[in-house]
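Please read this report on charged pairs, a chain interface and one loop residue alongside the sequence and the model.

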Amino acid sequence: MSSEPLLIANGLSYSYLERFLALEEVSLEVARGQRLALLGANGCGKSTLLKILAGLIFADRGSYFAFGEEVNAEKLEDEQFSAGFRSRVGFVFQNTDAQVFSPTVREEIAFGPLQLGLEPDEIEARISDVTAMLEIEDLIERAPYQLSAGQKKRVAIASVLTMNPELLLFDEPTAGLDPRSRHWLLELMTELGDAGKTIVFATHELDQLESIADRCLVLSEQHRRLAVGVPAEILADRELLLTANLVHEHTHRHGERLHSHAHERGHHHRYSGEHGFPSAG
Amino acid sequence: MSETPVWLLEREPGAFPFGCSGKRRRGGAIEKTLDGLAKVVRQAIASEEIAARPGLLQRLDARAKLLGVLALLIAAGLIRHIFVLAGLYALTLVLAAASRIGLRWFVKRVWLFIPLFTGVIVAPAMFSFVTPGEVVLPLGRWFGHEVGLTRQGLTSAGLIVSRVATSISLVVLLTLTTSWPRLLSALRALLVPRLLVLVLGMAYRYLFVLLDVVSEMITARTARTVAGRKGGRGARVVAGFSGGALFGKAHALSEEIHQAMLARGYRGETRSLERASLRIADGVWLAACLSLALLTIGGDRALGL
């Protein structure tokens, strides 16, 4: 892995409608080929940060550099800069209904490469490869409203992968997916990361974090950066996870004795021991 | 988390007795709306199934089909004799049968629109006080004048109704035998502005998303409706709130769709993968439609007024 930073963000702040704070003074660096997990509770600013990294919204304060160039609204007005940036950055939205907007799956997957100006034969070849890889060949002529949530997620990912971007941004990639689709997606992210893609993804789920992320950036509920570190360090810091609302204090009774420990958000309790970090179930 | 209210932890005695009273309430506007929403989706699916059948019109290129139908539509608009129009209408029935569309279903689908769109316009034109002429069905006298349906009025009304029926039949044939994406590509190929085609495509796509949202909103409301209440102000307020919420959701969705398009390099120019080339059959169809349009218009003119 190269140590050259692919993304550099300095002191990013952003407010919606100039009133509702979403990010406050957040800085980060992402090295080429790195897999960075943005961790934080609901509403802490993960999606906003991803949208800034994707050049879809622009920070009120602070600066953002990608691929060695500053990214801002003015520069993205430039045809060549915009084409260069968009071809290098792929964004998989949390809301697949927003992302899958074309009348058929084929057109959806072809949308990005067509915008890049690729030759039709090249586009057809990419569609064929990606749909085979994601096992959605039989959905190709279907309309998006005929797809399940898992299928729509696959189509959304396919629509981004056909552009073959260097940087992949995933917003809550596993949200709303059944266990099989979730497992499949995490495996895909690992494979893409192993292939050298830079991946930044937002999540508040902690299980399997160590297998899919090299580093984590934790955002507080006050929309600030709380910590940066490798997954093992972050997961071992119980106080940090409690502060970020990524785990909650779970209190229950063992016979006559009240017992409290940290418990991961959204996961069932598993009685694996009285103390220490609980395993997600 | 703050403390749970005490009343929430206590067992509710139940505001209503649990059991049948024998008094039934029929499904109201909500159930009808839900049925209507489901019907829209069913119709869309049925249309796509028809477009995929191996029929005559389905085999043709969408551009050729669109141009051919356009020529016949112009002819239908210019023909002034009912029996010529009836001949053209009969042709649409033959085409429907050749395209494996159930004739009964096709006729029903077309004639369902006629009273709605033409009834209001046509009805007054049949009367002597709007279209003077030979009264064939007298209805009485008014201020010394005979009032009734006139031959000229009935002819005009029949002409309008048959023109609308033929035109709608042609459009229904086109839309039933062509998938929506191909139809949009054909519109684009025939120089309809890109933006309009893009808006049409997205409107169709998001119609289903918004149908889902509306359906969920109605179902959620039904789930929380304890006692049946008759319409009135309350219902209007709920409808108003639902409309507002739907508008808000549609707005948020449109903003995110735009971002999703930008993220994949969209800069106001849509491109299509469609590379279909015209075949001999498409040329034959186009030539047949153009000839038929010219023949019917010419023949109609030759028959005089």
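A salt bridge here is a side-chain nitrogen of Lys or Arg within 4 Å of a carboxyl oxygen of Asp or Glu. Glu166(A) and Arg88(A) satisfy this through their side chains, at 3.7 Å from N to O. The two residues are 78 places apart: Glu166(A) sits in the loop between α7 (149-161) and β7 of chain A, and Arg88(A) in helix α3 of chain A. Helices (H or I, at least four residues) and strands (E, at least two) are DSSP runs, numbered from the N terminus.

This is a predicted model, in which local features need pLDDT of at least 70, side-chain atom pairs count only at pLDDT 80 or more, and totals for chains, interfaces and linings use all residues. Residues are numbered from 1 along each chain as its sequence is written, chains are lettered from A and ligands numbered from 1 in the order in which they are written, and side-chain values use heavy atoms, with hydrogens and water left out.

**Salt bridges**

Over all chains, the search finds 19 salt bridges. Four of them are tabulated here.

| Pair | Closest N to O distance |
|---|---|
| Arg264(B) and Glu108(A) | 2.3 Å |
| Arg182(A) and Asp207(A) | 3.2 Å |
| Glu172(A) and Lys46(A) | 3.5 Å |
| Glu166(A) and Arg88(A) | 3.7 Å |

For burial, relative accessible area is used: buried is under 20%, exposed is over 50%, and partly exposed is in between (1.4 Å probe, protein chains only). Glu166(A) is partly exposed at 31%, and Arg88(A) is partly exposed at 34%.

Arg182(A) forms its salt bridge with Asp207(A). Arg182(A) belongs to helix α8 of chain A and Asp207(A) to the loop between β8 (198-203) and α9 (209-212), so the pair ties together parts 25 residues apart in sequence. Arg182(A) counts as buried because its relative accessibility is 16%, while Asp207(A), at 23%, is partly exposed. Salt bridges with shared partners also join Arg32(A), Arg88(A) and Glu166(A) into one network.

In the pair of Glu172(A) and Lys46(A), both residues are buried.

**The interface of chains A and B**

Chain A and chain B together bury about 3000 Å², 57% of it on carbon and sulfur atoms. Buried area is the accessible area (1.4 Å probe) that two parts lose on being put together, summed over both. Phe101(A), Gln115(A) and Tyr145(A) supply 25% of the area that chain A buries against chain B, more than any other three residues. The contact (heavy atoms within 4.5 Å) takes 39 residues from chain A and 30 residues from chain B.

Two salt bridges are counted between the chains. One of them pairs Arg264(B) with Glu108(A).

**Leu60(B)**

Leu60(B) lies in the loop between α2 (29-51) and α3 (62-78) of chain B. Leu60(B) is buried because its relative accessibility is 11%. Beyond its neighbours within four places in sequence, Leu60(B) contacts Lys65(B), Arg279(B), Ala281(B), Asp282(B) and Trp285(B). Gly283(B) is 223 residues away along the chain, with 9.4 Å between its C-alpha atom and that of Leu60(B).

**Confidence in chain A**

The predictor's confidence in each residue, pLDDT, runs from 0 to 100. Chain A averages 85, and 88% of the residues score at least 70. Residues 270-281 of chain A stay under 50, and the model has 24 contacts for them beyond four places in sequence.
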